[in-house]
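User: I am new to this structure and would like to learn how to read it feature by feature. Could you take me through it slowly?

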Amino acid sequence: MTLRAIHNLRYIIRITAAFFLLITGLAECGSNSGRAGYTSQQQTIDGTTITLERPQQIAILQDVESIVTLADASGKRVDGATVYLAQDMPTMKMSSNQPLAEPLGNGQYRLKSVFTMDGAWVMVIHASVDRKEYAASFNLQVTPVQ
């Protein structure tokens, strides 16, 4: 093999490796984005991370399914927690909807709720883990479906 052939072979190997890393990185981005049509937000409180996945578009008076994921400071998912939602409209005086989450395993919990009108809403995820309480607030805007 000539020196030129060796140089070309190294170049092809480097390009192939770079392409592989690019494709792998793009695949990981897609897998971390959650379910199609959903948006993900997270907050960390005292080492516990609360991630909320909710639909990007929310229709008024329709069932809304959200997924909450709990993880400890080391990133390990937390099962056995009590999770509920306090859903409220800060600009309106109304009673808060507070559904209890259904545990799904692997640190995930399913919440079902309904938004009664369009406007600014706050979803506060409450989690009780080993007798310690955590709460993460997530703001969202519900717009009328056109």
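**Reading the fold from one residue outward**

Analyst: Let us begin with Ile50, which touches Gln41, Gln42, Gln43, Ile45, Val68, Thr69, Leu70, Ile125, Tyr134, Ala136 and Phe138, leaving aside residues up to four places away in sequence; a contact here means heavy atoms within 4.5 Å. This is a predicted model, in which local features need pLDDT of at least 70 and side-chain atom pairs count only at pLDDT 80 or more, while totals for chains, interfaces and linings use all residues. Residues are numbered from 1 along each chain as its sequence is written, and side-chain values use heavy atoms, with hydrogens and water left out.

User: Which residues touch the most other members of the largest nonpolar core?

Analyst: In soluble globular proteins, nonpolar side chains tend to be buried together. A nonpolar core is a set of buried Ala, Val, Leu, Ile, Met, Phe, Trp, Tyr and Cys residues joined through side-chain atoms within 4.5 Å, where buried means under 20% relative accessible area, exposed over 50%, and partly exposed in between, with a 1.4 Å probe and protein chains only. In this model the largest such core has 26 residues, and Ile50, Val68, Leu70, Val83, Phe115 and Ile125 touch the most other members. The elements giving two or more residues to this core are β2 (48–55), β3 (63–71), β4 (82–88), β6 (108–114), β7 (119–129) and β8 (132–142). Over the whole chain of 146 residues, 32% count as buried.

User: What is the secondary structure of the chain, and in what pattern does it run?

Analyst: Helices (H or I, at least four residues) and strands (E, at least two) are DSSP runs, numbered from the N terminus. Here there are one helix and eight strands, and along the sequence they follow the pattern α-β-β-β-β-β-β-β-β. Residues 24 or more positions apart account for 52% of the contacts with a separation of 6 or more.

User: How many strands form the open sheet that contains β1, and in what order?

Analyst: Two strands pair if DSSP finds at least two bridges between them. Five strands form this open sheet, in the order β1-β2-β3-β6-β5, with antiparallel pairing. Its edge strands are β1 (38–45) and β5 (102–105), each of which pairs on one side only. Eight bridges join β1 to β2, with Thr39 opposite Arg54 in β2, and these two strands form a hairpin with two residues between them, where Asp46 in the turn has a positive phi of about 50°. Five bridges join β2 to β3, and Thr51 stands opposite Thr69 in β3.

User: Which strands stand at the edges of the sheet of three strands?

Analyst: That sheet is also open, with the order β4-β7-β8 and antiparallel pairing. β4 and β8 stand at its edges, each with a single partner strand, so one side of each is left without a neighbour in the sheet. Seven bridges join β4 to β7, and the bridge partner of Thr82 in β7 is Ser128.

User: Where is the aromatic pair, and are its residues buried or exposed?

Analyst: Rings of Phe, Tyr and Trp (its six-membered ring) pair if their centres lie within 6.5 Å; planes under 30 degrees apart count as stacked, over 60 as edge-to-face and the rest as tilted. The structure holds one aromatic pair, formed by Phe115 and Trp121, which is edge-to-face at 5.0 Å centre to centre with 90° between the planes. Phe115 is buried, with a relative accessible area of 0%, and Trp121 is buried with a value of 3%.
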